[in-house]
Amino acid sequence: MNSGGLTRSKRDLPPMHYTLKIESFSLLLKTEVVKYESDVFEAEGYTWRLCLYPNGNTKGKGKGFVSLYLQIENTSKLGHRWKENHCFVESDASVKSYHKEKTEWGFDKLLSLETFNDASNGYLFNDCCVFGAEIFVIKPTGKGELLSMVKKPANGSLTWKIEDFSKLDKSSYLSKAFTSGGRSWRIKVYPKGYDDGKGNSLSVYLELVDGGKLPRKKTVWAEYKLRVLDQRHGKHVEEKSNHIESRWFTSSSYSRGFPKFMPLGDLREVSKGYVKSDTLIVEAEILTVSVSKLFSY
């Protein structure tokens, strides 16, 4: 029989950890007791007690049944990771988690009162009955991952002054790295353009350092802005990663940005102020980043 995800079954062996024997059960019923709680007992390193509703837990779905629950005690003394521990009761094959918000599991409908009170069934014999619990605690030995989306992460920006800009002769240049969201980043600039911007635009990218070493299918998400400063008028050129695909960094796509960031003609025009004293200033700002941490429990 299944009750709230718990499975009830029969067996010949008595419970290993604790038994609650009640003599003169009929007299207990006459006291009109709603709930009887056993003394505490220890099993598998934790402290427990049985909670018996001889006439059923009417607050649940136990009307007309005997209700029985296993309750864990002293949860305030247990560590934060205790909530990852699980136990299962009797021969039940399902695993139930006990934690500070859920200290009790059991059966609203353990046995119908009709079945229980019928002496021929053997549950109530000479006005005596026995309840019990057998507990197995699974000790967590697994690993997990915590994914957080961090807005405005610490140290999330970099300003890069590129001197002697007119003398640059390589296809691309990299800034120094900065660390934000547990990852290292840098700016990548193509002075003469790249891809669709080759020969006509300045290309600017945000690159995930060592992104090529990411595990297969591992992704890092980042929302960012890239800008070139106007050193004369303050009218900076800025682009934001508005497209979803431009925000996902992978081992095959760990450099994201804009091949046509701004026209090369604007850079050459001194009056526009983007290059001053032969220095170009490029900035990167990470707005939101995914942070993934592995842990053991």
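These legends describe close-up views of one predicted model.

**View 1. The whole chain and its secondary structure.** The chain contains three helices and 24 strands. Of its 297 residues, 42% count as buried. About 17,200 Å² of the chain is exposed, and carbon and sulfur atoms supply 48% of that area. Among contacts between residues at least 6 apart in sequence, 66% join residues at least 24 apart.

**View 2. The largest nonpolar core.** This core has 35 residues. Those that touch the most other members are Trp185, Leu202, Leu206, Leu267 and Leu280. Several elements each supply at least two residues of this core, among them strand S14 (157-162), strand S17 (183-190), strand S18 (201-208) and helix H3 (264-268). Strand S19 (220-228), strand S22 (255-263) and strand S24 (279-296) each do so as well. The largest share, six residues, comes from S24. In soluble globular proteins, nonpolar side chains tend to be buried together.

**View 3. Another nonpolar core.** Apart from the largest core lies another, of 26 residues. Its members include Phe107, Leu110, Leu113 and Phe131.

**View 4. Cysteines without a disulfide.** A disulfide is a covalent bond between the sulfur atoms of two cysteines. A search of the whole structure finds zero of them. For Cys129, the closest cysteine sulfur is in Cys128, at 6.2 Å. Sulfur atoms must lie within 2.5 Å to count as a disulfide, so the sulfur of Cys129 is too far away for a bond. Cys129 is buried, with a relative accessible area of 2%.

**View 5. Cys51.** This residue has 0% relative accessibility and therefore counts as buried.

Methods. Residues are numbered from 1 along each chain as its sequence is written. This is a predicted model: local features need pLDDT of at least 70, side-chain atom pairs count only at pLDDT 80 or more; totals for chains, interfaces and linings use all residues. Side-chain values use heavy atoms; hydrogens and water are left out. Helices (H or I, at least four residues) and strands (E, at least two) are DSSP runs, numbered from the N terminus. Buried means under 20% relative accessible area, exposed over 50%, partly exposed in between (1.4 Å probe, protein chains only). Contact means heavy atoms within 4.5 Å. Accessible areas come from the Shrake-Rupley method with a 1.4 Å probe; for residues, only the protein chains shown count as cover. A nonpolar core is a set of buried Ala, Val, Leu, Ile, Met, Phe, Trp, Tyr and Cys residues joined through side-chain atoms within 4.5 Å.
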